[in-house]
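Thanks for sharing this one. Here are a few notes to read alongside the structure.

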Amino acid sequence: MPSRRRLLAATAATLALPAIAQPAWPSRPVRILISFPPGGSSDFVARVIAPQMAEMFGQSFVVDNRPGAAGMLAAEALKREPADGHAFLLSNNAPFTIAPTMFPRITYNALRDFTHVAYLGSTFGGCVAHPSLGVRTLEELVAKAKAAPGTINFGSSGIGSIGHITGVNFCLRAGIDMVHVPYRGAGPLRIDLMTGVVALNFEGIVGSLPAIAAGQLVGLAVAAEDRIPAAPGLPTFRELGHDLIIKNWHGLSAPAGLPPAIAERLQRGLAEICARPATTAQFATIGNYHAPMAGADFPAFVAAQIDLWRPMIIAADAVDR
């Protein structure tokens, strides 16, 4: 009969096996999928954090742009990946907040099919006007639109875009009627706003700040909870009586079933990276503002954003039928 000492030693060895058997992570280069072409805010955020993650975790983190289908192609690709911590998505509004309502036949569940690991910050929309419209404040815009319904237009980067949904919902809240002009992307919209072809847009505010400072455009409001550091003189919609907060959020998401140990390492590492002054300064150039969020709170945030945006998407008649 084996001695008690031998039994204890054998039990200890058996308990230690799973820890020994677990492979080191990361064991090879890690891909970060991007749901848009190079140059957008998601791509920018990924390229800020990727080299810092490589240094921290000892493997390269490769940015892999997979644009198409309003961000859904990248989300679908991530869903098919093994949940071993070697493929992530720089998650954002398009595939996870807007698509679940806008596209009823979506091929993934934005909550069940993914592990939403870490929050990386948000950029904010706003209201920007061409000087030819003749308004200097949001109150003046509302008064002018009420005096002449259907005569003022606003552009967006496309049907179902953040600018479209924001613009329509502002009109509903303010009780005004303006005409939506959809463009094929932000580039053509920006050109026509700068030349006064369209009077307004409701896109990301920080990209317009140089033109606002030069007097080429007029900033009317920002759709953030509080005034943003890049434009402290610009009031929020909420300050002006319109409860409108529009976050274009960024995060890091994995396929469902990511091992908790990997998720926890990433959460701690990304919290440190996002708190670095150099990272904060780089994020600020595109108006991406990070606030600490516990790992367990991020999936709840994603779910809450879906619920928040659903009525706004329906109100904008942006549901694909």
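1. Glu-272 and Arg-276: please keep in mind that this is a predicted model. Arg-276 is partly exposed, at 27% relative accessible area. Its salt-bridge partner is Glu-272, with N and O 3.1 Å apart. Glu-272 is partly exposed too, with a relative accessible area of 46%.

2. A shared network: Arg-31, Asp-64, Arg-66 and Glu-81 are joined into one network by salt bridges that share partners. In total, the structure holds twelve salt bridges.

3. A long-range pair: Arg-105 and Asp-320 form a salt bridge, their closest N and O atoms lying 3.7 Å apart. This pair links distant parts of the chain, 215 residues apart: Arg-105 sits in the loop between helix H4 (93-102) and E4, and Asp-320 in the segment after helix H11 (297-315). Arg-105 is exposed at 58% relative accessible area, whereas Asp-320 is partly exposed at 36%.

4. A pair within one loop: Glu-239 and Arg-227 meet in a salt bridge at 2.8 Å, N to O. Both lie in the loop between strand E9 (218-222) and E10, so the salt bridge ties together parts twelve residues apart in sequence.

5. The sheet: five strands make an open, mixed sheet in the order E2-E1-E3-E10-E4. Strands E2 (61-65) and E4 (114-124) are the edges, each pairing on one side only. On average, neighbouring strands are turned by 25° against each other, direction ignored. Helix H2 (residues 41-57) packs on this sheet, touching E1, E2, E3, E4 and E10, and its direction makes about 160° with that of E2.

6. E1 and E3: these strands run parallel and are joined by three bridges. Ile-32 stands opposite Phe-88 in E3.

Key: Residues numbered from 1 in each chain as written. Predicted model: local features only at pLDDT ≥ 70, side-chain atom pairs only at ≥ 80, totals over all residues. Heavy atoms only, no water. Pairing = 2+ DSSP bridges. Helix = DSSP H or I, 4+ residues; strand = E, 2+ residues; numbered from the N terminus. Axes fitted to C-alpha atoms, helices over the stretch in contact; angles between N-to-C directions. Contact = heavy atoms within 4.5 Å. Salt bridge = Lys/Arg side-chain N within 4 Å of Asp/Glu carboxyl O. Buried < 20%, exposed > 50% of the residue type's maximum accessible area, 1.4 Å probe, protein only.
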